[in-house]
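This report looks at a metal site, a ligand and a few single residues. Please have the sequence and the structure at hand.

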Amino acid sequence: MLVGPDKVREVLDAKLNSVEIVDVHTHLFPAEFTGMLLWGIDEILTYHYLIAEYFRYSELDYAEFFRLPKAKQAELIWQTLFVERSPVSEAQRGVLTILQRLGLDVGARSLEEYREYFRGRTLNEQIDTVFQLARVKEIVMTNDPFDPQEREYWKGETEVDPRFKSSLRIDPLLVNFPQAVQTLQGEGYGVSADFSGSSAAEVRRFLSDWVTKIDALYMAASLPPTFTVFDDSIQTRVLKECVLPVCREHNIPFAMMIGVKKLVNKELGLAGDSVGKAEIRVVEQLCTEYPENKFLVTMLSRENQHELAIAARKYRNLMVFGCWWFLNNPSLVEEITAMRLETLGLSFIPQHSDARVLEHLIYKWEHSKKIIGDVLAEKYGDILATGWQLTEDQVQKDVEELFQNNFYRFLRR
Ligand code: HDL
Ligand code: ZN
């Protein structure tokens, strides 16, 4: 059925509301990973984004705050950010969207009422409810073999909920090799701190064992603004001699998440990281030097976005994904998505949730789909104005491309 200019937004919204989303990067875990999946109102309120915003108003000693029970931390954040002033930030507004979509009385502003709702829920019920409300088909976890708690689960051969796919997160190998050596030696891999002898082969064995064990869809690392491959550092050797060869062997992408300045304020913990502009020439060099490798790339600095989109025009082995972390705000999602549609057409992955708490899936996808819909509707309007004809089926195909198939196709490439 043809879609006219007056109907394009209505048809697009219907397709955006019904598309089953593949969320390519989250910090969620299935219920089987007992205690690792964060959920419920106190976890929602103590999200590190909100902790950073709370300390804009609080003179409380950082360590004293973190020593408080989670419920007390949540009460301080609720009082400061939601009772004493209007919750207009994106992370604050996200809490309200979650409450609203769960059918709770947002106007009541009653933390106790919200806690009562969660006390009446089981985790498995909540996972089903949240995936349905967010229209999420499956999510990709961030699986860290350097985390002792997570290592234990994978050794236990647990059956993993099929909605939870895996990715192998390897930051220490690339940003803290001495720490990585400790873990690998402890796991029986003959790796030395100076990367000598059979270290490269042993790192490859470690990576290949874990990719197989968890059935990783991709390997990933968060990298600093100073990330470079124009040297002969151990980091560069590990990347070129171990990470990229194992990715090629398993035909999986390497996801580079570039631009994090870790712990600029150590006392804030997870909330203490910041952002810096990275060098796009590093991405270009890797895509040129390793045409057989596939690179998923997201960058944290707004200033890197245009050059990343242009780089993707040069390399079909480069897939841009998401408006990551400090970029996941409506004004920036709009700017970046428009730039990508204008530069790359539909050949990119517009968003990931980065959800840390189960219920984040609800607000992060609702907010992002609205903005992506606004921008895509405008682009459809522009081509319809030339006399181009658009069918409902084509809109459905375009939306599935953005929210599912660009990722799946890149994995199969
Ligand atoms: O390194 C990452 O995967 C980042 O997403 C961090 O986890 C960050 O703390 C975060 O949650 N961003 O949204
Ligand atoms: Zn993340």
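A donor here is an N, O or S atom within 2.8 Å of the metal. The model is predicted.

**The zinc ion**

In sequence, the donor residues of the zinc ion (ligand 2) follow the spacing H-x1-H-x326-D. H25 lies in the loop between β1 (21-23) and α2 (41-45), and D354 lies in the loop between α16 (330-344) and α17 (360-384), so this pair ties together parts that are 329 residues apart in sequence. The protein donors are H25 through NE2, H27 through NE2 and D354 through OD, at 2.0 to 2.2 Å from the zinc ion. Are H25 and D354 buried or exposed? Both H25 and D354 are buried.

**Ligand 1**

Which residues surround ligand 1? They are H25, H27, H48, Y49, R169, S222, M257, W324, W325, D354 and R356. H25, H27 and D354 are thus found around ligand 1 and are also donors of the zinc ion. Some of the surrounding side chains place a polar atom close to an oxygen atom of ligand 1, as the table shows.

| Residue | Distance from a polar side-chain atom to an oxygen atom of ligand 1 |
|---|---|
| H48 | 3.0 Å |
| R169 | 2.6 Å |
| W324 | 3.1 Å |

Taken alone, ligand 1 exposes 330 Å², and the protein buries 97% of that area. Ligand 1 sits in the largest pocket.

**Serine 58**

S58 has its place in the loop between α3 (48-54) and α4 (62-67). The relative accessible area of S58 is 12%. Buried means under 20%, so S58 counts as buried. What does the side chain of S58 contact? One partner is the side chain of Y54, joined to the side chain of S58 by a polar contact of 3.1 Å. In addition, a polar atom of the S58 side chain lies 2.9 Å from the backbone nitrogen of L60.

**Leucine 123**

L123 belongs to helix α8, which covers residues 123-134. Is L123 buried or partly exposed? With a relative accessibility of 21%, L123 counts as partly exposed, because the range for that class lies between the 20% limit for buried and the 50% limit for exposed. The C-alpha atom of L123 is separated by 42 Å from that of T343, and these two residues are 220 residues apart along the chain.

Technical notes:
Residues numbered from 1 in each chain as written. Chains lettered and ligands numbered in written order. Predicted model: local features only at pLDDT ≥ 70, side-chain atom pairs only at ≥ 80, totals over all residues. Heavy atoms only, no water. Donors = N, O, S within 2.8 Å, 3.2 Å for Na, K, Ca; no water. Helix = DSSP H or I, 4+ residues; strand = E, 2+ residues; numbered from the N terminus. Buried < 20%, exposed > 50% of the residue type's maximum accessible area, 1.4 Å probe, protein only. Near = heavy atom within 4 Å. Polar contact = N/O pair within 3.5 Å; in protein donor to acceptor, adjacent residues only side chain to side chain. Areas by Shrake-Rupley, 256 points an atom, 1.4 Å probe, with all protein chains shown as cover. 1 Å grid on protein atoms, 1.4 Å probe; cavity = no way out; pocket = protein on both sides within 12 Å on 5 of 7 lines; lining within 4 Å. Sits in = over half its atoms within 2 Å of the grid points.
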